[in-house]
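Subject: Structure for you to look at

Hi,

Here is the structure I promised to hand over. Have a look at it first, then read on for what turned up.

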Amino acid sequence: MDSTSPAQTLTELPPRHLVGRDREREVLARLLAAATGGAGGVLVIHGEPGVGKTALLESTIEEERRFGVLRTVGVEGEMELPYAALQQLCSPILDRSARLPDPQREALTVAFGLSSGEAPNPFLVGLAVLGLLSEAAEERPLLCVVDDAQWLDRASARALAFVSRRLLADKIAFVFAAREMSDALAGFPELHVRPLGRRDARALLMSVLPARLDEPVLDRIVLETRGNPLALLELPRGLTPTELAGGFGLPAAVALSASIEESFTRRLARLPGDARRSFTPAAP
């Protein structure tokens, strides 16, 4: 996750080069090409933490400037809040809700806390969201990005799946990114993003190293990170040149995520006191 607002398109973000992701980018390009032609579709990108799912989303949006972009992010702390993620996705186009049929508009405004009433019918909420997106897509093709989908609240997950199953002649593409396939997303086309192979992992690692390393050390680091892009990018930043020269030497029992967390902890400890304290409220 980042601080980018839901409505902000990634054409506003700095360009990034992805190493070893040509196959994945081609799959995404085909999805968007079909949507541009009026054949709406959906794709679920899944893979382990740090494998580069979000980077793929950002790179795709950056390159596809023909599309309007709506995005939402699942938040673990909001999983018990019905329709929290759906409201984030739809907020930039809520002004179009006045054109919806009355039952759909009322269900949507109650779901999003804009009016009071009994719990809305999920079917009407789904139809309302589909109507909003379809109207927005009449102006330009629409890309809906759902990151960290494993943390979607249940009501949003059901509504988004409902809409995704009904993309027929609309110029709409849905792309979900999740750590693993869930029941709500089962049956949709999927793309498993795997760790980088040795050659690509070495290329990514060398792009962030402060100095050249011996070949055996490079291979050892790639092996110890298992080709995980986030680990390859972050772990070197938390180690001294001396430590790098010997490889990470991580015990086999230490989880990769724990190693990355340790790297961030070391980097945080080097900040001045005031700067370090400013990060404390955001800590889990």
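Before anything else, a quick word on names: helices and strands are DSSP runs, at least four residues long for a helix and at least two for a strand, and they are numbered from the N terminus. With that in hand you can place Asp-148, which is found in the loop between β3 and α6. Please keep in mind that this is a predicted model.

**The overall picture**

The protein chain has 12 helices and five strands. Of its 284 residues, 46% are buried. If you take the contacts with a separation of 6 or more, 77% of them link residues 24 or more positions apart.

**The sheet**

How are the five strands ordered in the sheet? They run β2-β3-β4-β1-β5, forming an open sheet with parallel pairing. The edges belong to β2 (68-73) and β5 (190-192); each has a single partner strand, so one side of each is left without a neighbour in the sheet. From one strand to the next, the twist averages 15°. As background, strands of a sheet pair through backbone hydrogen bonds, either parallel or antiparallel.

Now zoom in on β1, which covers residues 41-46. Its parallel pairing with β4 has six bridges, and Gly-41 has Ala-173 as its bridge partner there. Towards β5, also parallel, there are three bridges. Ile-45 stands opposite Leu-191 in β5, while His-46 has His-192 as its bridge partner.

Helix α6 (residues 154-164) packs on the sheet and touches β1, β3 (142-147) and β4 (172-178). The direction of α6 makes about 140° with that of β4.

Is β1 enclosed or open? Six of its six residues are buried, so β1 is largely enclosed by the rest of the structure. You can check this face by face: Gly-41, Leu-43 and Ile-45 are buried on one side, and Val-42, Val-44 and His-46 are buried on the other.

**Two helices to look at: α1 and α2**

Helix α2 (residues 53-63) is also largely enclosed by the rest of the structure, because eight of its 11 residues are buried. Those buried residues include Leu-56, Leu-57 and Ile-61, and also Lys-53, Glu-58 and Glu-62. What do the buried residues of α2 pack against? They pack against α1, β1, β2, β3 and β4.

In helix α1 (residues 22-36), find Leu-32. Leu-32 has 1% relative accessibility, so it counts as buried. Leaving aside its neighbours within four places in sequence, Leu-32 is in contact with Thr-60, Glu-64, Phe-67, Leu-143 and Ala-173. Ala-173 is the residue you met above as the bridge partner of Gly-41. Another pair to try in your viewer is Leu-32 and Arg-66: they are 34 residues apart in sequence, with 9.8 Å between their C-alpha atoms.

**Empty space**

Rolling a probe the size of a water molecule over the atoms shows where empty space is left. The structure holds one cavity of 30 Å³ or more, and the largest cavity has about 40 Å³ of space. Among the residues lining the largest cavity are Val-73, Met-79, Trp-151 and Asp-153. By class, that lining has seven nonpolar, one polar and two charged residues.

The second largest pocket has about 210 Å³ of space. Its lining includes Gln-150, Arg-154, Phe-176 and Leu-185. Which element gives the most to this lining? It is α6, with three residues. Sorted by class, the lining of this pocket has six nonpolar, two polar and four charged residues.

**Two unusual backbone angles**

Most residues other than glycine have a negative phi, and most peptide bonds are trans. Asp-148 is not a glycine, yet it has a positive phi of about 50°. With a relative accessible area of 15%, Asp-148 is buried. Arg-226 is not a glycine either, and its phi is positive too, at about 60°. Arg-226 lies in the loop between α8 (215-225) and α9 (229-234). Is Arg-226 buried or partly exposed? At 48% relative accessibility, Arg-226 counts as partly exposed.

Have fun looking around!

Notes: Residues are numbered from 1 along each chain as its sequence is written. This is a predicted model: local features need pLDDT of at least 70, side-chain atom pairs count only at pLDDT 80 or more; totals for chains, interfaces and linings use all residues. Side-chain values use heavy atoms; hydrogens and water are left out. On a 1 Å grid over the protein atoms alone, a cavity is a set of points where a 1.4 Å probe fits but cannot get out, and a pocket is an open set with protein on both sides within 12 Å along at least five of seven lines; lining residues have an atom within 4 Å of a point. Grid points are joined across faces, edges and corners, and a volume is the space filled by probe spheres set on the points. Ala, Val, Leu, Ile, Met, Phe, Trp, Tyr, Cys and Pro count as nonpolar, Asp, Glu, Lys and Arg as charged, and the others, Gly among them, as polar. Two strands pair if DSSP finds at least two bridges between them. Axes are lines fitted to C-alpha atoms, for helices over the stretch in contact, and angles run from 0 to 180 degrees between N-to-C directions. Contact means heavy atoms within 4.5 Å. Buried means under 20% relative accessible area, exposed over 50%, partly exposed in between (1.4 Å probe, protein chains only).
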